[in-house]
Amino acid sequence: ISPYYMGRIVDFPAFAAAYPFRADGTDRQWRFTMTDPILEWNRGSFLLKISKDGRGEVQRLEEPCPDEISIQTMTTMLMGYKRPDYLAKIGRLQAEEETIGMLEASIEQQTPYISDYF
């Protein structure tokens, strides 16, 4: 893997609503605090709900959450560049093992692809 392009999630709630999470017949939730050095609407505490059919929905929370992730790490994880387990091992994602397992199961393992011809 050699990075050639840079990706960025500009609007996390809209991105999560369009993201194809793995459908597994189980409703899942994750509460976390996200940092973003540039966009204030991507900062704060969120509840990510993943429905049993793989649809994502994000709600803003008022209370802080112990799980932490940056928008850069979220982009890395959801675009398929690195897996949640690896990101947790290197300290880029702070969450319980159960949550890491849920994220591993919810995010399809695919090779990132960006077409670069116009």
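These are legends for close-up views of a predicted model, covering its salt bridges and one of its helices.

**View 1. E108 and R22 join in a salt bridge.** Here's one of the six salt bridges in the structure. The N-to-O distance between the two side chains is 3.4 Å. E108 sits in the segment after α4 (97-106), while R22 belongs to the loop between α1 (12-18) and β1 (28-35), so this pairing ties together parts that are 86 residues apart in sequence. As for solvent, E108 is partly exposed at 31% relative accessible area, and R22 also counts as partly exposed, at 26%.

**View 2. R83 reaches E104 on helix α4.** The closest N and O atoms of this salt bridge are 3.0 Å apart. R83 comes from the loop between α2 (71-78) and α3 (84-89) and E104 from helix α4, so the contact links parts that lie 21 residues apart in sequence. Look at how the two partners sit: R83 counts as buried, with a relative accessibility of 17%, whereas E104 is partly exposed at 22%. The cut-off for buried is under 20%, so R83 makes it and E104 doesn't.

**View 3. K89 and D85 pair up within helix α3.** Their salt bridge has its closest N and O atoms 3.1 Å apart. Why can these two line up along the helix? An α-helix has 3.6 residues a turn, so residues three or four places apart point the same way. K89 and D85 are four residues apart in α3, which means about one helical turn separates them. K89 is the exposed partner, at 65% relative accessibility; D85 counts as partly exposed, at 28%.

**View 4. Helix α4 has a buried side.** Which residues of α4 are buried? They're T99, I100, M102, L103 and S106. These residues cover an arc of only 160° around the axis, so they end up on the same side of α4. Flip to the face turned away from that buried side and you'll find the exposed residues E97 and E98.

**View 5. What the buried residues of α4 pack against.** Strands and helices both feature among the neighbours. The strands are β1, β2 (44-50) and β5 (93-94). On the helix side, the buried residues of α4 pack against α2 and α3. Helix α4 turns up in View 2 as well, where its residue E104 is the partner of R83.

Methods: Residues are numbered from 1 along each chain as its sequence is written. This is a predicted model: local features need pLDDT of at least 70, side-chain atom pairs count only at pLDDT 80 or more; totals for chains, interfaces and linings use all residues. Side-chain values use heavy atoms; hydrogens and water are left out. A salt bridge is a side-chain nitrogen of Lys or Arg within 4 Å of a carboxyl oxygen of Asp or Glu. Buried means under 20% relative accessible area, exposed over 50%, partly exposed in between (1.4 Å probe, protein chains only). The arc is that of the directions from the helix axis to the C-beta atoms. Contact means heavy atoms within 4.5 Å.
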